[in-house]
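Please open the model in your viewer, with side chains available for display, and follow the stops below in order.

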Amino acid sequence: MFSLQLKSLLRFLSFVILATVFFAPLSFQNCAGYEANTDGLMGDLDIESNKDLSLQLDRLNNQAAGKKYTCSHESQLGVGQKNMRRHSYQEIKNMIQTLFGESITRQILAELNLLPKDPNIKSKHYPNSLDESFFSRMAVISEKIANIAVRDRAFVSQYGACNELSNQGCYSHFVKNFVARAIKRPLTDSELTIFVNRLSLDRQNEPEVLIASVLMRPDFLHLILNGKAEGKKYKLTPYEVAHRISFATIANLPDEALWQAAANNQLTTLTQIIQHVRRLLLTQAGQKNVVTFFREWMSLEKSGEVSTTEVVNANINPKTLLQESNAEFDQFVRYIVFEKKGYFSDLFLDKTVFPTGNQLARVYGSELWTGGSQLQSRYGHRGIFLRPVSLMGGSNVTQIIDRGVKIRTELLCDSLIFPSLDVIGSRDKDLTPEEVNPQFHSNRTIVSNKTRRLECASCHKWINSLGFLLEHYDSLGRYRSQEKVYDIADRLIATHEIETTSDNLHISDLKGQRVSDVFEFNEYLANSEKVKTCFVTQLSEFTYKRKANSGDSCALSIKEDFASLNDVPVLELLISNIANEEIFYRGK
């Protein structure tokens, strides 16, 4: 095990790195074309006057117009890219498994699982830098990995072409190969000498110190892009381009083919870039990363188990249903993108379903999918938007407002104003008990009554009408023709007919058009330029691991134009999101 001296060194390294990150923070700016969302909610709205309210409405009207990105000159491509970003926790886990292999990684799973899950990149809680808590946990992980790895001959031979680190030649060869892959570039001769010699606290522990210290370095924990100055931006080296490709496609270090392409200077043309991006996206890791994007786009991390009277009445296990629904969403994405090679419209209109469990099959009204013939839902479920996991949430009453917020922010990329708690608390101020009694009124009517006051209605006109469209689907994602109302003893006391029609969704390219139900709205989503622009924005931010900024406008404009073509498969949109001229550059 490590000596006390070595543990002190690791703690020292932790605080040095923490200070480095603290005094050189990453810069994350707001979107161009849309104001940056934070969970879809833009701070507190303090309504003090009609003038204040009018300004907010003007702002929302401007956002609803769905401004497209513009590019003044192609020389601006890449200027929005930063020279450094922190790796996500999942990327760090992936890198450790790639560097050390499954056998060693399995022995440190308990420690790795102490690293938190990454919040959605759109979340206001997404950390732009690594904190002290992370470094403390990472020091523990690094120490344990190092102790295991130096005694694993398969690991040593992977990098050293030998298995005895006590041999100076073997040790030097190991350092050269292992450190290069960990810090994402080859070592110079002088650097190799430093790495071999500088940590010799005592010869017996030198390999452990080397491995542990490398895992705590900023260039392991961050993607650092230096490049060479070229006008107002920097052109990246082939190794930097390779790592941009690998983290954008598989959320991991480059595989051997991509590393060798960088070594052979074969990442200088878009043709070469496209070849590797396509190859990596088609791998299991690439497909998993694509699924992760779509899950974040739909904010599925907010989906949860539902507790309703219907759970008992229909003998449904909500935990099982949620698990089946999550897995089925992932299968649908893989089917559209990689098997069907579907188009953007298929993301919303394709009727294929993949229920592998009885709970979900009952929701769909279909047979179990066993990998053979394609199945369809009896109840109109289609696309990513109408999958049960996208609809689940709430209790006996559906979450009309939450559903409306989700559509407005996730699919349309509009910003919303979150009211103060005082405003929320005053919603029922002028209402009679009868107006909010579900025995007499539908959920739609009650929500409308609660949000009809001026300070509420000014924003809820952007939300409620969208949530109303989904009222044919209950809190479990099941289709219904009537809303059922239960008392506290779970007895049915009332039913209400479902009404989904909206006279004005306040979406610019619908121009006030009347929409009768969610199926009609789904047709709009499948063909809307505004939705495609939102898709491009969110896909780019997922790749950047940050909010888009004004320097990204040129790249986003090109991606937006490509997405507007109706005969482009989604896979090609994903490839073009990465494989474009922007990948060669970063800004100052």
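Begin by selecting Lys340, Asp346 and Asp350, which are joined to one another in a network of salt bridges. Keep in mind throughout that the model is predicted. Across the model, the count of salt bridges comes to 25, and a few of them make useful next stops.

Select Arg387 and Glu328, which form a salt bridge whose closest N and O atoms are 2.6 Å apart. This pair links distant parts of the chain, since Arg387 sits in the loop between β7 (375-376) and α19 (388-391), while Glu328 belongs to helix α16 (residues 318-339), 59 residues apart. Are these two partners buried or exposed? Arg387 has a relative accessible area of 0% and is therefore buried, and Glu328, at 2% relative accessibility, counts as buried because the cut-off for that term is under 20%.

Move on to Arg408 and Asp414, another salt bridge, in which the closest N and O atoms are 3.1 Å apart; both of these residues are buried.

Next, select helix α26, residues 529-544, and display its backbone. The helix has 16 residues, which at 1.5 Å a residue should span 22 Å, and its end C-alpha atoms are indeed 22 Å apart, so the expected and computed spans agree. If you colour by accessibility, you should find that 15 of the 16 residues of α26 are buried, so the helix is largely enclosed by the rest of the structure.

Now look at the two ends of this helix. At the N-terminal end, Ser528 acts as the cap of α26, with a side-chain oxygen lying 3.1 Å from the backbone nitrogen of Lys530. Following α26 comes Lys545, whose phi is positive, near 60 degrees. From there, select Arg546 and Asp552, which form a salt bridge with their closest N and O atoms 2.8 Å apart; Arg546 is buried, as is Asp552.

Finish at helix α5, residues 132-149, which has 18 residues. What distance does α5 reach from its first C-alpha to its last? The answer is 25 Å, close to the 26 Å expected at 1.5 Å a residue. To see which of its side chains are shielded, select the buried residues of α5, among them Phe134, Phe135, Met138, Ile141, Ile145 and Ile148; the buried residues also include Ser142, Glu143 and Asn147, which are worth displaying alongside them.

Terms used. Residues are numbered from 1 along each chain as its sequence is written. This is a predicted model: local features need pLDDT of at least 70, side-chain atom pairs count only at pLDDT 80 or more; totals for chains, interfaces and linings use all residues. Side-chain values use heavy atoms; hydrogens and water are left out. Helices (H or I, at least four residues) and strands (E, at least two) are DSSP runs, numbered from the N terminus. The expected span of a helix is 1.5 Å times one less than its number of residues. Buried means under 20% relative accessible area, exposed over 50%, partly exposed in between (1.4 Å probe, protein chains only). A polar contact is a pair of N or O atoms within 3.5 Å; within protein, one must be able to donate a hydrogen and the other to accept it, and residues adjacent in sequence count only if both atoms are side-chain atoms. A salt bridge is a side-chain nitrogen of Lys or Arg within 4 Å of a carboxyl oxygen of Asp or Glu.
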